[in-house]
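Let's take a walk through a structure together. Keep the picture open beside you and look for each part as we come to it.

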Amino acid sequence: MADVKSPQPRVSRSVVVKLGGAILADAEAVAEVWTGVQALGGPAVLVHGGGPQATALARRLGHEPRIVAGRRVTSDLDLDVMLWTLRGELNARLVASARAAGVRAVGVSGADGGLVRVHRRPPRDVDGETVDFGHVGDVDGVAPALVETLLGAGFTPVVATICADDAGALYNVNADTVAFELAAALGATRLDLVTEAGGVRRDADDPDSRLDRLTAAEVEAGVAEGWIAGGMRPKLEVARAALRRGVPAVRVCAPADIAGGGGTTVVP
Ligand SMILES: Nc1ncnc2c1ncn2[C@@H]1O[C@H](COP(=O)(O)OP(=O)(O)O)[C@@H](O)[C@H]1O
Ligand SMILES: CC(=O)N[C@@H](CCC(=O)OP(=O)(O)O)C(=O)O
């Protein structure tokens, strides 16, 4: 029998949808995202990246970003570029694009309302080299009150993954990571990692080789054999971390999959 004294909060039924930067650059894909979010018929929280756009702007400024193990070594200039692109243009454009689908989106960052608490990532060993990632934050925790308040009022939060520490310094945090931390903290029913490839492929260059389902053992084999590489490798580490933290369903998928099946479901 249902416990009437402690009903499930509305947000416990939310879906967290993470959009990779390449999706944001494609107006048709963005329109499909909002159609899918509308068709879900329940609360959704969007989290977006924008790595490719940040890299493009840095290059226009004559700076070549350094990416190590899928994470940007974030100098003072790189942090400024992340603020201008993610918190600035991309978030504003994404929020505006929701209007055509009748979704009432609100743009926030991980720093707003203390949503995502981080600390500066200590230098760490990567393949035998000590790497100081600069202004990159590691997540300490999520305080979902802001997002829950927005959802409760019928708004769709759109989260740019700029986060702050307790002293008020800003940090760059990978968007897949923020999405999974939010999904875990909200008790989301599903985490969709929406990416241009539309799923995990047996051959990254062959769209017909998409896998419907991927086990942890297959992820390990794929990394060892080299067919899971680049940005997909840390993304699948995030997918597995989400499952370990109790998110019941995790997919790597395309915008058109949001309201239905499709994509690659990652299983333990
Ligand atoms: N097995 C694979 N299936 C699909 N994509 C793969 C695979 N292995 C490597 N990739 C690469 O991973 C990329 C996705 O990671 P990333 O660019 O970081 O995504 P996003 O920006 O959406 O977070 C793809 O564009 C593709 O080049
Ligand atoms: C620390 C770190 O690497 N942060 C990412 C944040 C943006 C991101 O995650 O964008 P995508 O989802 O488009 O990859 C970066 O600087 O690229």
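Which residues are closest to ligand 2? Keep in mind that this is a predicted model. The closest are Gly21, Gly49, Gly51, Arg72 and Ala175, and they belong to a set of 16 residues that surround the ligand. Two elements, α3 (51-60) and β4 (71-73), each bring at least two residues to this shell. The largest share comes from α3, with 3 residues. If you sort the shell of ligand 2 by chemical character, you get 6 nonpolar, 8 polar and 2 charged residues.

Now let's bring in a database record. An unreviewed UniProt entry carries the annotation "binding site" for Gly50, Gly51, Arg72 and Asn172. These four span 123 residues in sequence, but no two of their C-alpha atoms are more than 11.7 Å apart, so they gather at one spot. Gly51 and Arg72 should look familiar, since both are among the residues closest to ligand 2.

Let's pick out two of the annotated glycines. Gly50 sits in the loop between β2 (44-48) and α3, while Gly51 is part of helix α3 itself. Are they buried or exposed? A residue counts as buried when 20 or more other C-beta atoms lie within 10 Å of its own. Gly50 has 29 C-beta neighbours inside 10 Å, so it is buried. Gly51 has 22 other C-beta atoms within 10 Å, so it is buried too. If you skip the neighbours within four places in sequence, Gly50 is in contact with Gly21, Leu24, Thr85, Leu86 and Leu90.

Next, move over to ligand 1. Here 19 residues form the surroundings, and Gly20, Thr195, Arg201, Gly231 and Met232 are the closest. The elements that give two or more residues to this shell are α1 (21-24) and α8 (232-244). By character, the shell of ligand 1 divides into 8 nonpolar, 7 polar and 4 charged residues.

Helix α8 also has a partner to show you. How do α6 and α8 lie relative to each other? The axes of α6 (residues 175-186) and α8 come within 10 Å and cross at roughly 10°. Angles under 35 degrees count as roughly parallel, and therefore α6 and α8 are roughly parallel to each other. On the α6 side of the contact you'll find Asp176, Thr177, Phe180, Ala183 and Ala184, and they meet Pro234, Lys235, Val238, Ala241 and Ala242 from α8. The residues of this contact divide into 7 nonpolar, 1 polar and 2 charged.

Terms used: Residues are numbered from 1 along each chain as its sequence is written. Chains are lettered from A and ligands numbered from 1 in the order in which they are written. This is a predicted model: local features need pLDDT of at least 70, side-chain atom pairs count only at pLDDT 80 or more; totals for chains, interfaces and linings use all residues. A residue is near a molecule or strand if its C-beta atom, placed from the backbone, lies within 6 Å of it. Helices (H or I, at least four residues) and strands (E, at least two) are DSSP runs, numbered from the N terminus. Ala, Val, Leu, Ile, Met, Phe, Trp, Tyr, Cys and Pro count as nonpolar, Asp, Glu, Lys and Arg as charged, and the others, Gly among them, as polar. UniProt positions are given in the numbering used here, feature names are shortened, and annotations may be inferred rather than shown by experiment. A residue is buried if 20 or more other C-beta atoms lie within 10 Å of its own, exposed if 12 or fewer, and partly exposed in between; C-beta atoms are placed from the backbone. Two residues are in contact if their C-beta atoms, placed from the backbone, lie within 7 Å. Axes are lines fitted to C-alpha atoms, for helices over the stretch in contact, and angles run from 0 to 180 degrees between N-to-C directions. Angles under 35 degrees count as roughly parallel, over 145 as roughly antiparallel, 65 to 115 as roughly perpendicular and the rest as oblique.
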